[in-house]
Amino acid sequence: MSDTQPNTNGSSRYFEPEEQTELLKRGLVRVSIAASGIDPLLDKRLNELRRALRSDAPAHLLGELLPDLERAVLTADQNRQQASSNTSKAVQQLIEQLQDCEPPREVSRALRALERQLGELAELPRKLPSLLEELQQLQQQTLQHSEEQGNSGLWSRLLRRKPRTEPEPELEPAPAPEQGPLIDDQAPALAIEAQAQEDILTAPPDETERPTDSASNISGEEQRFSQLAAHIESILLRLLAELQILETQQTARDRLREQVSKGLNWYELTAALDALCELVLGAQQSRQADFERYLLQLNERLFQFQGNLEEAQNSYSGSLDAERELSGAIRGQVQVLNDSVRDADDLSSLKANVEARLNSLLENIDKARELREARDSEVAERLSTMVERIQAMEVEAQTFRHHLEEQRQQALIDNLTGLANRSGLQQRMDEEFERWQRYGGRLLLVVLDVDHFKSINDRFGHLAGDKVLRLIAQQVSRRLRKTDFIGRFGGEEFVILMPGVSPEQGIVALEALRSGIEGTPFHFKSEPVPVTISLGFTEFIRDDSLDSAFDRADKAMYQAKELGRNRVVRAATP
Ligand SMILES: Nc1nc2c(ncn2[C@@H]2O[C@H](COP(=O)(O)OP(=O)(O)OP(=O)(O)O)[C@@H](O)[C@H]2O)c(=O)[nH]1
């Protein structure tokens, strides 16, 4: 059979089968070149095919290449579909984010239309460039719209600097009253002198650092952001002040403290956190290394100690041997003396003989004594060295115990209020609960929450909020008995334990506590800041667990909030 093919001038011409094969091969080579660059495995297989076609490989060899090629084509197709689906998802997310920014209605509509186009995955690679171009325009319109609405976006907010550093407001409690038997009614006057704090709310922002904003268009959101940054800085400064570091880290700490107190933007904040992390880890590692060194030293000393004991033991058994040797020698000399007395012929030779034997006996005894004395003094010396070493070891162990205890205690204290933190509170609750289970008696658990604390933060800033928390902690601790215990449960919530107090006594005490806080004149500059607390409490009853009692007290506290706040509610017992 023959075949025809249109030639360049339009007429058809006949092709021999060899020519047709050649043409097909050439066509295949070109198609394979066009299909290159889609997938690395497919490229490899196409390369192999091209090499085989160019080298005039026999048909059966070409046939062997085909299954691999087919597989590579299928895999490449799957990969392409997966890539299309990923791209589609990413673009879809971008569209959703833009929709979240509340774009103008026409932009939102266009975004929805664009989203619909993403459904046709097969078309996506071809359409992607125009699709992205359209998306970029819609994004620009959305951002422009956001800025016009004064609703500055997350990035612009993050990249901007906060206003000047917020100075600490001065909250000055009057001197502490004497502790009353259960509750002291005389609330001290507190003055929150916070000129500086008020400055924050009214001070114009730093123009050089806010290139796009004027002082007048700082949104409420922006202000909250600045307050949050100030809050983070105050926490960092407190951490830096309280961090136990090494002498070699002092300069790094001072540098970081200076940097933080000057105010940080978010980029600097990340670096500052890194630096803080380094300080903490450095100090921790060094303490760890110290401890390891101490353990090594201790090990070495114990080893020496054991060596000394062994030597003392050897020396003691050496003395026993020497004494045994001496008594054998004496016995021998006495035996010889006996024999010479028995066999003596005349008095003068007997006398000389006895004298010689006695002298030799005395010599032996003297030698043995000297030897024993030398050994005794050696043992005494060893013992005194050992005693000294033990004393040194005791001192070191004591110091380490002290350090460990200090660190353990620090981990249980809340930095802001100086009260027990959640872990400290948990520890004490466990102890009190165990005592109550073992010995019975009365135990009250109180949950205390500051009312509308969020609005104090919002009105006066987080630093003022912190000060209020500190002062409440002080006020409440002063009014409690020595046997009571207060810890910070978290945020603006505290827990009080009152052992040996009946619910009737408890309600009186807590009512006085509540009215004491209410009557404390907190001031922000000259403006009074109303601070009240809500309390819920319960008595531990049979079959109670810590959780069940806490739950009751917590519910009672929420009931106090629901009833209008600033009150004490006793939990209903089941
Ligand atoms: N300044 C400061 N604020 C804190 C601290 N811990 C938590 N807060 C804030 O305390 C506020 C508690 O607010 P909410 O839980 O809404 O309660 P609230 O405003 O006191 O209202 P009620 O409890 O319903 O009276 C939140 O805004 C927290 O950010 C802290 O250590 N310092």
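## The second largest cavity

In this predicted model, the second largest cavity takes up a volume of about 50 Å³. The structure holds 3 cavities of 30 Å³ or more. So what lines the second largest one? The residues to look for are S319, A322 and E323, along with A368, L371, R372 and R375.

Which elements give two or more residues to that lining? They are α10 (266–343) and α11 (347–410). Helix α11 supplies the largest share, with 4 residues. By class, the lining is a mix: 3 nonpolar residues, 3 charged ones and 1 polar one.

## Helices α2 and α3

Two packed helices are described by the angle between their axes and the distance between the axes. For helix α2 (residues 40–54) and α3, the axes come within 9 Å and cross at roughly 155°. Angles over 145 degrees count as roughly antiparallel, so that is how α2 sits relative to α3. The crossing of α2 past α3 is left-handed.

On the α2 side, the contact is made by L41, L42, R45, L46, E48, L49, A52 and L53. Facing them from α3 are L62, L65, D68, L69, A72, V73 and A76. What classes do these residues fall into? The contact of α2 with α3 has 12 nonpolar residues and 3 charged ones, with no polar residues.

## Helices α3 and α4

Helix α3 (residues 59–100) also packs with helix α4 (residues 105–117), this time at an angle of about 165° and with the axes 10 Å apart. That angle makes α3 roughly antiparallel to α4. Here too there's a left-handed crossing, as α3 passes α4.

Which residues make the contact? From α3 you get Q92, I95, E96, L98 and Q99, and from α4 you get S108, L111, R112, L114 and E115. Sorted by class, the contact of α3 with α4 comes out as 4 nonpolar, 3 polar and 3 charged residues.

## Helices α13 and α14

Further along the chain, helix α13 (residues 453–460) packs with helix α14 (residues 462–479), their axes lying 7 Å apart at an angle of about 135°. How does α13 run relative to α14? That angle makes α13 oblique to α14.

If you want to pick out this contact on screen, take F453, I456, N457 and F460 in α13. They meet H462, A464, G465, V468 and L469 in α14. The residues of this contact split into 6 nonpolar and 3 polar, with no charged ones.

Key:
Residues are numbered from 1 along each chain as its sequence is written. This is a predicted model: local features need pLDDT of at least 70, side-chain atom pairs count only at pLDDT 80 or more; totals for chains, interfaces and linings use all residues. Side-chain values use heavy atoms; hydrogens and water are left out. Axes are lines fitted to C-alpha atoms, for helices over the stretch in contact, and angles run from 0 to 180 degrees between N-to-C directions. Angles under 35 degrees count as roughly parallel, over 145 as roughly antiparallel, 65 to 115 as roughly perpendicular and the rest as oblique. A crossing is left-handed if the near helix is turned anticlockwise from the far one by less than a right angle, and right-handed if clockwise. Contact means heavy atoms within 4.5 Å. Ala, Val, Leu, Ile, Met, Phe, Trp, Tyr, Cys and Pro count as nonpolar, Asp, Glu, Lys and Arg as charged, and the others, Gly among them, as polar. On a 1 Å grid over the protein atoms alone, a cavity is a set of points where a 1.4 Å probe fits but cannot get out, and a pocket is an open set with protein on both sides within 12 Å along at least five of seven lines; lining residues have an atom within 4 Å of a point. Grid points are joined across faces, edges and corners, and a volume is the space filled by probe spheres set on the points.
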